[in-house]
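Q: I am new to this structure and would like a close look at one part of it, the largest pocket. What lines the largest pocket? Please set it in the context of the whole chain too.

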Amino acid sequence: MISSTTPTTAPSRRAPAASVGPRDSAGYRAFTWFNVIALVLVCAIMLYPFVTLLAQSFSSAGAIKAGQVNAWPVGFNLETYRAVLHNGDFWRSYGNTVLYTVVGTAIAMALTTTYAYVISKRHLRGRNVLIGIAVFTMFFSGGIIPNYVLISSLGMKNTLWSVVLPPALSVFNLLVMKSFFENMPTELEEAAQLDGLGWFGIFTRIVLPLSKAVLATMILFYAVAYWNDWFSAFLYLDKNDLFPLSLFLRNLIAGASTTAASSAAAIGSSKATISANIQAVSMILAIIPIVCVYPFVQRHFVSGVMLGSVKG
């Protein structure tokens with residue numbers, strides 16, 4: 001006899017209502033939109049001078065002098081670009097700036113990385129003295145006249161070294177890199193020592209390859225500083241053939257350089273053209289390399305600074 005059994009059905013349960021998280025609240029959405037709008041406005045304010053400068057470089061001198069140029073060129077003009085690009089003084093200054101930036105950044109990175117690695121070792125005798133010497137220079141300096149006398153007495157005036165060596169070590173960059181090296185695991189260095197590597201081998205083959213983020217950040221800092229520096233060249237260089245691009249632009253803006261007169265003669269127009277067009281064109285051409293390099297370094301920028309500032 002086969003007994004028929006009715007299947008028992010489990011009691012139905014309601015699915016729990018989805019909990020509303022803080023990210024789904026109206027206040028959070030309003031805060032997000034406020035941040036987006038604020039950041040867009042900040043970006044627009046920061047980009048407006050650059051866009052205006054770019055528009056002026058393609059505008060006529062009369063439109064600029066009349067105040068008609070804002071974010072779009074008025075009286076489209078390429079003659080100034082042709083004149084500047086055919087100006088030998090401009091390209092000579094451009095080449096000097098590239099040379100100063102490359103050599104200065106290489107020297108600065110060599111000094112900063114080695115100094116930072118040394119003072120990151122807590123067991124080093126005299127470590128606090130070395131740190132104190134570096135920090136002391138952040139607050140006190142000899143001044144312009146002693147520095148000028150020192151550079152002149154060393155025979156570095158009107159040479160590459162007068163521009164490259166004085167700003168070769170930034171204490172801020174040094175302390176950031178020191179903190180980064182202190183946060184690296186000591187087990188890696190101990191394992192390398194067991195394999196027979198010395199301190200220099202550990203530094204070049206273990207530490208530096210693992211420090212690409214902070215190295216890229218420091219390279220960007222130093223390169224931008226050397227690229228924009230004009231005061232060192234203004235103090236220590238007397239020959240026009242050695243002027244960097246930043247000093248060339250400074251002389252154009254101040255109207256104290258014979259290159260401005262030669263540029264005006266090349267264009268064949270008035271002094272208003274010098275102040276209105278050549279400055280804008282030269283500035284645009286000067287910032288192109290930094291604008292092109294920055295996107296490739298930008299991804300390391302935030303991570304390098306944050307990793308180097310976790311612990312002092």
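A: Here is a walk through the pocket, then some single residues, and finally the chain as a whole.

One thing to know early is that this is a predicted model, in which local features need pLDDT of at least 70 and side-chain atom pairs count only at pLDDT 80 or more, while totals for chains, interfaces and linings use all residues. Residues are numbered from 1 along each chain as its sequence is written, and side-chain values use heavy atoms, leaving out hydrogens and water.

Let us start with the pocket. A pocket here is an open set of points on a 1 Å grid over the protein atoms alone, where a 1.4 Å probe fits and protein lies on both sides within 12 Å along at least five of seven lines; lining residues have an atom within 4 Å of a point. The largest one holds about 500 Å³ of space, a volume being the space filled by probe spheres set on points that are joined across faces, edges and corners. Its lining counts 21 residues, and those closest to the centre are Ser141, Asn147, Leu165, Pro166 and Leu169. By class, 16 lining residues are nonpolar, five are polar and none is charged. In this count Ala, Val, Leu, Ile, Met, Phe, Trp, Tyr, Cys and Pro are nonpolar, Asp, Glu, Lys and Arg are charged, and the others, Gly among them, are polar.

Three helices, α5 (127-139), α6 (144-153) and α12 (231-236), each give at least two residues to this lining. Helices are DSSP runs of H or I with at least four residues, strands are runs of E with at least two, and both are numbered from the N terminus.

Helix α12 is also home to Ser232. With a relative accessible area of 12%, Ser232 is buried (buried means under 20%, exposed over 50%, and partly exposed in between, using a 1.4 Å probe and protein chains only). Setting aside neighbours within four places in sequence, Ser232 is in contact with Ser162, Val163 and Leu237; contact means heavy atoms within 4.5 Å.

After α6, the loop leading to α7 (160-164) contains Asn158. Asn158 has a positive phi of about 60°, although it is not a glycine, and is partly exposed at 22%.

A few other residues help with the wider view. Ser211 sits in the loop between α10 (199-207) and α11. Its relative accessible area is 0%, so it counts as buried, and beyond four places in sequence it touches Phe180, Phe181 and Met184. Phe221 belongs to α11 (residues 212-228); its C-alpha is 9.0 Å from that of Thr105, although the two are 116 residues apart along the chain. Leu99, in α4 (residues 88-119), has its C-alpha 9.1 Å from that of Pro244, across 145 residues of sequence.

Stepping back, the chain has 15 helices and zero strands, and 34% of its 312 residues count as buried. Of the contacts between residues at least 6 apart in sequence, 72% join residues at least 24 apart.

How confident is the predictor? pLDDT gives its confidence in each residue, from 0 to 100. The chain's mean is 80, with 80% of residues reaching 70 or more. Residues 256-261, however, are below 50, and residues 263-272 stay under 50 as well. Where pLDDT is low, the predicted coordinates should not be read in detail.

Note on methods:
pLDDT = per-residue confidence, 0-100.
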